[in-house]
Amino acid sequence: MKKIFLILSTILATVAAVSCQDTDETELVATTGVTLSATEVSIFPGEQVELKATLTPDNCTSSYKTWVSSDAKVATVDVWGRVVGLTPGVTTITVTTASGKCTADCKVTVKEIPVTGVTLNKTTATVYIGENIEDLTATITPENASDKTITWTSSNSEVATVDENGKVTGVEIGKATITATTKNGISASCEVTVNVRTPTEPETVELWKGDNAGYRGLFGADADNGKTAGIGGWLSYKDGVAYWTENTTGAARKATLELSTGSKITVSQVDAKDLVGSYTFYTYSFKTTGVSNTVIVNNGARQHETAVEFKAVENPTTINGHVHNLDLVGLYLDFAVPA
């Protein structure tokens, strides 16, 4: 029994001696530096790159390190140094050793994904005056382009306009090119034709216009194309529209055009300059005693005769008025306009 105890004691003593020797010989090796596999990288959104950190000395006791991004909205980094680009911009990836005394940085630039093309869903379109094209859309490639800003323009805003969302409005008969342009200068276009909407029923129209040329939608037939009225055919019809030319005669003019459909249009062109000249005005005293009974004082004899002259003005004022015939006392004005 004593022999067995002696052997066990010897084994325990030997183990104890070895354990003490290992502990005494273990020494901590501090980290003195850290470097990264790259100091600057560029990637696109969605791409990733792995940074490798190298510690010195090679046999340092702890290999623990932390990773951080200065702007996680631009790019993120995980515990293994994998960097993922998110949005265009610049961020700094920093690795730090366990002691916090050693660091290394990498500048990461996340580049914009450029637009390579733009197309419109229409290359030609038709719209009526005062109406809109609301379904003109632009498609940018690639789909994940960083900046999809589109600028819309019209080649002739007097014919058609376009807003910032691509909605086109017809303004005047004619053609205009609507263009969508990306921020980096790539563009696509649609040719827009603006027409006047034609009525679907015959009607009688009487218009008072200035001396400028103009038009008005009118229900007619193909057989009416080319019909004209007025001296020189200044009032005409074609494809659902009645047109009149600019009045350069220096005097007022009037014409009536009748179509086979029963439509009828009368256009009177009178401008301020058309009334320049000398005129004679006559006034009558009168009174009314009811709706239908009008008595002219002094048997309708002219009470005054006045000669006046109209002169053209740059900005004439148009005055509209009407005469009441109920118990009104005043003057009746009559005037002669030179033929």
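Cys-106 is buried, with a relative accessible area of 0%; buried here stands for under 20% relative accessible area, exposed for over 50% and partly exposed for the range in between, with a 1.4 Å probe and protein chains only. Cys-102 is buried as well, at a relative accessible area of 11%. The structure is a predicted model, in which local features need pLDDT of at least 70 and side-chain atom pairs count only at pLDDT 80 or more, while totals for chains, interfaces and linings use all residues. Residues are numbered from 1 along each chain as its sequence is written, and side-chain values use heavy atoms, with hydrogens and water left out.

A disulfide is a covalent bond between the sulfur atoms of two cysteines. With a disulfide taken as a pair of cysteine sulfur atoms within 2.5 Å, the count is 0. For Cys-102, the nearest cysteine sulfur is that of Cys-60, 9.3 Å away, and Cys-102 is in no disulfide.

The protein chain has 339 residues, of which 29% are buried. Its secondary structure consists of 1 helix and 29 strands, where helices (H or I, at least four residues) and strands (E, at least two) are DSSP runs numbered from the N terminus. Among contacts with a separation of 6 or more, 57% are between residues 24 or more positions apart; a contact means heavy atoms within 4.5 Å. The accessible surface of the chain is about 21,700 Å², and carbon and sulfur atoms hold 53% of that surface. Such areas come from the Shrake-Rupley method with a 1.4 Å probe, and for residues only the protein chains shown count as cover.

The interior comes next. In soluble globular proteins, nonpolar side chains tend to be buried together. A nonpolar core is a set of buried Ala, Val, Leu, Ile, Met, Phe, Trp, Tyr and Cys residues joined through side-chain atoms within 4.5 Å. The largest one has 22 residues, and those touching the most other members include Leu-120, Trp-152 and Ile-178. Among the elements giving two or more residues to this core are strand E10 (117-120), strand E14 (150-154) and strand E17 (174-182). Strand E18 gives the most, with 4 residues. Ile-178 touches, among others, Leu-136, Trp-152, Val-168 and Val-192, leaving aside residues up to four places away in sequence. Another core, of 20 residues, lies apart from this one and includes Val-34, Ile-43, Val-77 and Ile-93.

Strands of a sheet pair through backbone hydrogen bonds, either parallel or antiparallel. Here two strands pair if DSSP finds at least two bridges between them. One open sheet has 3 strands in the order E3-E7-E6, with antiparallel pairing. Strand E3 (48-50) and strand E6 (75-77) each have a single partner strand, so one side of each is left without a neighbour in the sheet. E3 is joined to strand E7 (residues 82-85) by 3 bridges, and Val-49 has Val-83 in E7 as its bridge partner.

A further open sheet, also of 3 strands, follows the order E12-E16-E15 with antiparallel pairing. Its edge strands, strand E12 (132-133) and E15, each pair on one side only. E15 pairs with strand E16 (residues 168-170) over 3 bridges, and Ala-160 stands opposite Gly-170 in E16.

Further along the chain, Thr-266 lies in strand E25 (residues 264-269). Thr-266 is buried, with a relative accessible area of 9%. Its contacts include Val-205, Leu-207, Lys-254 and Thr-256, not counting residues up to four places away in sequence.
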